[in-house]
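Trainee: Before we start, could you show me the sequence and the structure? I would like to ask how the terms are justified.

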Amino acid sequence: MQTLAWILVSALGAAAWGVVALHRGETISAAWLVLAAIGTYLVAYRFYARFLASRVLELDDRRATPAERLNNGRDFVPTTRGVLFGHHFAAIAGAGPLVGPVLAAQFGYLPGLLWIVFGVVLGGAVQDFVILFASMRRDGKSLGQMAKEEIGPVTGIAAMLAILAIMVILLAVLALVVVNALRDSPWGMFTIACTVPIALLMGFWMKVWRPGRTLEATAIGILLLLAALVGGRYVAESAALAPLFTASGTTIAWLIIGYGFVASVLPVWMLLCPRDYLSTFMKIGTILLLAVGILIVLPPLKLPALTRFIDGSGPVFAGRLFPFAFITIACGAISGFHAMVASGTTPKMLRREGDALLIGYGGMLMESFVAVMALCAAAVLDPGVYFAINAPLATLGGSLDAAAETIRAWGFAVTPGQMQALAASVGETTLLARTGGAPSLAVGMAQIFSGAFGAHLTALWYHFAIMFEALFILTTVDTGTRVGRFMFQELAGHVWAPMGRTSWYPSILLASGAVVAGWGWFLLQGVQDPLGGINTLWPLFGISNQLLAAIALAVGTTVLVRSGKARYAWVTLLPLAWLLVVTLTAGWQKLFSADPRLGFLAHAAATAAQVAAGTLDPARGARLIFNDRLDAAVAALFMAVVVLVVVSSARVWLRVLQGRTPVVSREAPFVETEYAV
Amino acid sequence: MRSDARGFFARCLDGVRRVSGMPDYAAFLAHQRLNHPDQPVPSERDFFTAYVTARYGDSPTRCC
């Protein structure tokens, strides 16, 4: 009976892939993408993930987990499977799986779909699962600590430096997504501005007035947030209030920088923790809503399976399908950042070893599904509309008419009237060149929601989608800045001991300032970039995230080899090899491509030529050239660190295989569980 | 019947609290009473502060 059910699931998944494959050049329903993805996830979970759990990692329910042995009622707490799944999912899923697939839709929906679905079952979910397992067997040690212990101290410090650098790029690019979504949008700006006083109110509620009443405070916060969302419309329509909340990109960037600094310095209960609660609830709620919406509407995909831009001439970002589709979509397929969460709070909460399968592997499948839904939301847009929103203004031409002309030359139809009507229907003055993915995702989501729950609320749905994305991106910005601050303090503590004192105020201010200045620099660079910044920063973020995944997979492989499981090392080596090929190729092209749209150094040379010819202001030219060189240096640094980590890991693997290093497990010793098995 | 419904509701709220990583003072008290009856009991406010400070400490709780 069970076998029959699995044959059915496999056949259904295969049939859905068949539909996707055979209907090229025709419009198909999003249902087929969703079915193909779910069918693949189920088969992979039932067969591959079970194989990993029982043969490769040998999960053992009789072995007590750190949560059981070290239970302290605070961070080490045995937690039921379902609850921990939700907790872990809320921790790993953020803006990444929503934005990446939308940007990669410039190649059409097919490359993104294939990479998201097959990347996750063979790469991303394996990485999360293996790292969660390794950390669980080592009392919840972090990725950095494991790198240090399993590979060596130099690798450990290199990995930590890489993590800090990645954090800086990540925060800059996510903040840039928010800036582009809120630029000249009084409605969005008002709603997001309101989240700060709402969070403060919640913070004082939970800490001072009604200690510990977190749910109560959050319920009030959510109600106020929805009120702010509705109120935003009146602000946008009011002649007196709208100008107060209309801000340029540069102004918003400075506001976010200031916010990040303050949130990192203030006690967490005041701002950071209440915002985190708000965004967690909004995130889970909206993702459920999106899934329901897609399943009710089953919208037709208007974007073609493949576009002409696979040749690298695309306006959203430069570069060919290989390697850039695999860089642009990181989260959703494989995301190195997850290794930090999988070696952070989650391993300390697993009640049984066997639960790691559902949480580690299954949690990542769920994130991948979110990415598929985001891809669908982008693909329901008319291609012409998609490119009008996502291409930079400098490429499109300054006016609606010029943009329509440019897009027609690319082979997609869009009229100025259509763009105007669309902007008006979502309560914005313009949607032209709102790069960064969030606005086009919001338009797609608004269309799906309106189809499912009534068309008269389109503008409200659009701003709801913008609010929810901005909300949890800003939560990543403040928690990320804080984590970056701690890392900076730890690294600086090696140089000058007092800097390592994490609660010493001069050190806090200095370290927070340094981290904020780091991502703030890249953010401002992106805001002032004539091509919109996403062009440059998103690939850099993708490369850094994938390289962190490579570090995590190298650590995972080392853990397998050192515990005598070398014959199964291919489960992590395979995705590692693919990531190295993809990221090193992409990094090389970003550095040395002769195309100034793609290569940092070529762009610097082209800018220098413009200055020499007198067509560009020398001061501005000098700044652009400096930024190009800085980006090139960052890309080179990432590549160097990864090569270092992989080479030093490979030396460890060889030593173990040749018998020069004994096979010694660094796992915490076996203790039998007291729970019923 | 009524107390069952209330118990179910309370368990749901508890699940929601844990999914979003909120502190659970009652569970902490129960844990302390059982395992460390000799230790002083922190007030709910102190527990809350200590919990969130540790949670949003030096390791990322949220990914991209």
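Trainee: Where is A:Ala433 found?

Mentor: A:Ala433 is found in the loop between helix H19 (416-425) and helix H20 (438-453) of chain A. Helices here are DSSP runs of H or I with at least four residues, numbered from the N terminus. This is a predicted model, in which local features need pLDDT of at least 70 and side-chain atom pairs count only at pLDDT 80 or more, while totals for chains, interfaces and linings use all residues. Residues are numbered from 1 along each chain as its sequence is written, and chains are lettered from A, with ligands numbered from 1, in the order in which they are written.

Trainee: What makes A:Ala433 buried?

Mentor: A residue is buried if 20 or more other C-beta atoms, placed from the backbone, lie within 10 Å of its own, exposed if 12 or fewer, and partly exposed in between. A:Ala433 has 23 other C-beta atoms within 10 Å, so it is buried. A:Ala433 also has a positive phi of about 55° although it is not a glycine. Most residues other than glycine have a negative phi.

Trainee: Why is A:Glu58 called partly exposed?

Mentor: A:Glu58 has 13 other C-beta atoms within 10 Å, a count in between the two cut-offs, so it is partly exposed. A:Glu58 lies in the loop between helix H2 (30-56) and helix H3 (66-69) of chain A. A:Glu58, not a glycine, has a positive phi of about 50°.

Trainee: Which peptide bond is cis, with omega near 5°?

Mentor: The bond from A:Phe322 to A:Pro323 is cis, with omega near 5°. Most peptide bonds are trans. A:Pro323 is found in helix H13 of chain A.

Trainee: Why are H13(A) and H23(A) called roughly perpendicular?

Mentor: Axes are lines fitted to C-alpha atoms over the stretch in contact, and angles run from 0 to 180 degrees between N-to-C directions. Angles under 35 degrees count as roughly parallel, over 145 as roughly antiparallel, 65 to 115 as roughly perpendicular and the rest as oblique. The axes of H13 (residues 321-328) and H23 (residues 534-562) of chain A cross at roughly 75° and come within 8 Å. H13(A) and H23(A) are therefore roughly perpendicular.

Trainee: Which residues of H13(A) meet H23(A)?

Mentor: A:Phe324, A:Ile327 and A:Thr328 in H13(A) meet residues of H23(A), including A:Trp538 and A:Ile543. Being in contact requires C-beta atoms, placed from the backbone, within 7 Å.

Trainee: What makes H6(A) and H13(A) oblique?

Mentor: H6 (residues 109-136) of chain A packs against H13(A) at an angle of about 60°, with the axes 10 Å apart. That angle falls in none of the three named ranges, so H6(A) and H13(A) are oblique. In this contact A:Pro111, A:Gly112 and A:Trp115 in H6(A) meet A:Leu321, A:Ala325 and A:Phe326 in H13(A). The residues divide into 5 nonpolar, 1 polar and no charged. Ala, Val, Leu, Ile, Met, Phe, Trp, Tyr, Cys and Pro count as nonpolar, Asp, Glu, Lys and Arg as charged, and the others, Gly among them, as polar.

Trainee: How many residues of chain B are in contact with chain A?

Mentor: 32 residues of chain B are in contact with 46 residues of chain A. On the chain B side, H3(B) supplies the largest share, 8 residues.

Methods
Contact = placed C-beta atoms within 7 Å. Helix = DSSP H or I, 4+ residues; strand = E, 2+ residues; numbered from the N terminus.
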